[in-house]
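I opened a fresh notebook page today to look up a few things in this structure. Follow along with the viewer open if you like.

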Amino acid sequence: MRTLFVYPEFPKTFWSYEKILELVNRKVLLPPLGLATVAALLPQDWEMKLVDRNVREVSEAEWDWAELVVISGMIVQKDDMEKQISIAKSRGLLVAVGGPYASSTPDAPEIAKADFKVLDEGEITLPLFIEAIQRGDTSGRFSAEGDKPDVTGTPIPRFDLLQLDAYDSMSVQFSRGCPFNCEFCDIIVLYGRKPRTKTPEQLVAELQSLYDLGWRRSIFLVDDNFIGNKRNAKLLLPQIKAWQEERGYPFSFATEASVDLADDDEMMRMMHEARFESVFLGIETPDEASLETARKVQNTRNPLDAAVDRITANGIRVMAGFIIGFDGEKEGAGRRIVDFVTRTGIPAAMMGMLQALPNTALWHRLEKEGRLIQDKDAAKGVNQTNLLNFEPTRPIRDIANEYVEAFCALYEPNAYMDRVYSYYLKMGAPRWKGSTKLPTLTDLRALAIVIWRQGLKRNTRSRFWRYMIGMARSNPAMLEQFLVVLAHNEHFLEYRSIVQQEIRDQLESLPPEEPKSTRELQPV
Ligand code: SF4
């Protein structure tokens, strides 16, 4: 079976980092790991090609060659998903869809034309799909009916199908699921609350496969909570460390984890020694009442500032997500987020307005309360420029304006530079010893551009040089990372104007808001 995998295009988001990617001559941040895994689960005698539409278009020759088109994507990719399904159908090809969007909304109009819906986790549903294809079926819908597969038998993803030089980072996955119960989270809906992990040997074999293909840069562990199963994460980390040591630490790692990482010194040490350089934390808000409303109680147990400081002191850079628009939220939530980020120094702070994703506990509650603005099929998903998709407990304009102000304040060039500098002064120096690598021409070109823009052209110039000298004196081992993180603001700066414009346009199209006193909504 000649199978063409098509990964739909993403809209521009905070995390798409276009301007950084331009600097380092890459097209996309991360590869479509899900499709590469699906390819490994299908019969290996099928011929396969993979096109990531974020890298390039599907060629005429590829459409002509294909017999079966497999498309997978997330909610933010749904528009292009629909377009690619239509193109494939207009050519008379069989189309199968799967992945998070299809699994959470199998009846969504964007995927209605697909012949096969292969829902949930592929380890369970792909064998049913393969049987159907081998029987000659031309349509079908396969669901895991609530079952969650053991992932210890999942094969190494077909990394060889990817155009490796287009990506800034590669991805691997160790675990699925998270033990927590945040009200807005769709991960626990899709993957459950009992984290399932691969074996250390499996994960190390994936690293080896990437290494054998020539990969030598960063790797993102896409786990939604890498420490969801702490015992298994601690069995894995020494094996990664040993593998890295033998090869001179060729990979740096990033992942996502819950804030309780800061309570586990052993885990932080092990992560650092395996060369985990950064971790994304869902901090959401410094407002304790909002965290309780969102059932994110794990973030209320210990002071969040101290948690960020502890992780940083262990040599792991914190990235964090923040949300505005929780029920019962008090005026000034945006400002409180800016103050928290400034105090802790977190360089990359992602902000968004709360979105109710289909089938989450938040979605069901708001549906019951009659507060959803869009129906399930129209849900837009997490994007930093979407207004809330439900009626909040305070005026939507106030939330949106606070959000825009906070976003702009966070990425004001001088404020950003101050924050990154204060952060890197606190950062622990690396304890792992990698082999020395000479900078490439691309690295040197990127460095020259950052120096030109931030150190000469903009009004950040005096700070830039002062901070460079300060870093060289007080934490020289972190100078390179410091410069890389300064370069990130090339993207955030541009993204500030996108956020401002898109939110303004959406606010203008809203109907006039009722006076607060006539509204019946009460905080929960
Ligand atoms: S900690 Fe993160 S992954 Fe886990 S339930 Fe909460 S939001 Fe979801």
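**Entry 1: pairing.** Two strands count as a pair if DSSP finds at least two bridges between them. I kept that cut-off in mind, and I also noted that the model is predicted. Then I looked up β5 (residues 116-118) and found 3 bridges joining this strand to β6, with the two running parallel. By the cut-off of at least two bridges, β5 and β6 therefore pair. I picked out one bridge: Phe 116 has Gly 140 in β6 as its partner.

**Entry 2: the sheet around that pair.** In what order do the 6 strands of this open sheet lie? I read the order as β2-β1-β3-β4-β5-β6, with parallel pairing. At the edges I found β2 (47-52) and β6 (140-142), each pairing on one side only. From one strand to the next, the twist averages 20 degrees. I also saw helix α6 (residues 122-135) lying across β3 (68-72), β4 (94-98), β5 and β6. Helix α6 runs at about 155 degrees to β5.

**Entry 3: another sheet.** Here I traced 6 strands forming an open sheet, β7-β10-β11-β12-β13-β14, and the pairing is parallel. Which strands are at the edges? They are β7 (169-172) and β14 (349-353), and each has a partner on one side only. The twist from one strand to the next averages 20 degrees. I counted 4 bridges between β7 and β10 (residues 218-221), in the parallel sense. In that pair, Ser 171 stands opposite Phe 220 of β10. Next I looked at what packs on the sheet: helix α8 (residues 200-212) touches β7, β10 and β11 (252-257). Its direction makes about 155 degrees with that of β7. Helix α12 (residues 304-313) packs there too, touching β12 (276-284) and β13 (317-324), at about 170 degrees to β12.

**Entry 4: the core.** I found 144 residues in the largest nonpolar core, where Phe 5, Phe 129, Phe 226, Ile 283 and Phe 322 touch the most other members. Helix α19 (residues 479-508) gives this core its largest share, 11 residues. Apart from this core lies another of 24 residues, including Leu 4 and Ile 85. I then followed Ile 283: leaving out residues up to four places away in sequence, its contacts include Val 259, Leu 291, Phe 322 and Phe 340.

**Entry 5: the ligand.** Which residues surround the ligand? I listed Cys 178, Phe 180, Asn 181, Cys 182, Cys 185, Ile 188, Lys 296 and Gln 298. Sorted by kind, this shell has 5 nonpolar, 2 polar and 1 charged.

Technical notes
Residues are numbered from 1 along each chain as its sequence is written. This is a predicted model: local features need pLDDT of at least 70, side-chain atom pairs count only at pLDDT 80 or more; totals for chains, interfaces and linings use all residues. Side-chain values use heavy atoms; hydrogens and water are left out. A residue is near a molecule or strand if one of its heavy atoms lies within 4 Å of it. Ala, Val, Leu, Ile, Met, Phe, Trp, Tyr, Cys and Pro count as nonpolar, Asp, Glu, Lys and Arg as charged, and the others, Gly among them, as polar. A nonpolar core is a set of buried Ala, Val, Leu, Ile, Met, Phe, Trp, Tyr and Cys residues joined through side-chain atoms within 4.5 Å. Buried means under 20% relative accessible area, exposed over 50%, partly exposed in between (1.4 Å probe, protein chains only). Contact means heavy atoms within 4.5 Å. Axes are lines fitted to C-alpha atoms, for helices over the stretch in contact, and angles run from 0 to 180 degrees between N-to-C directions.
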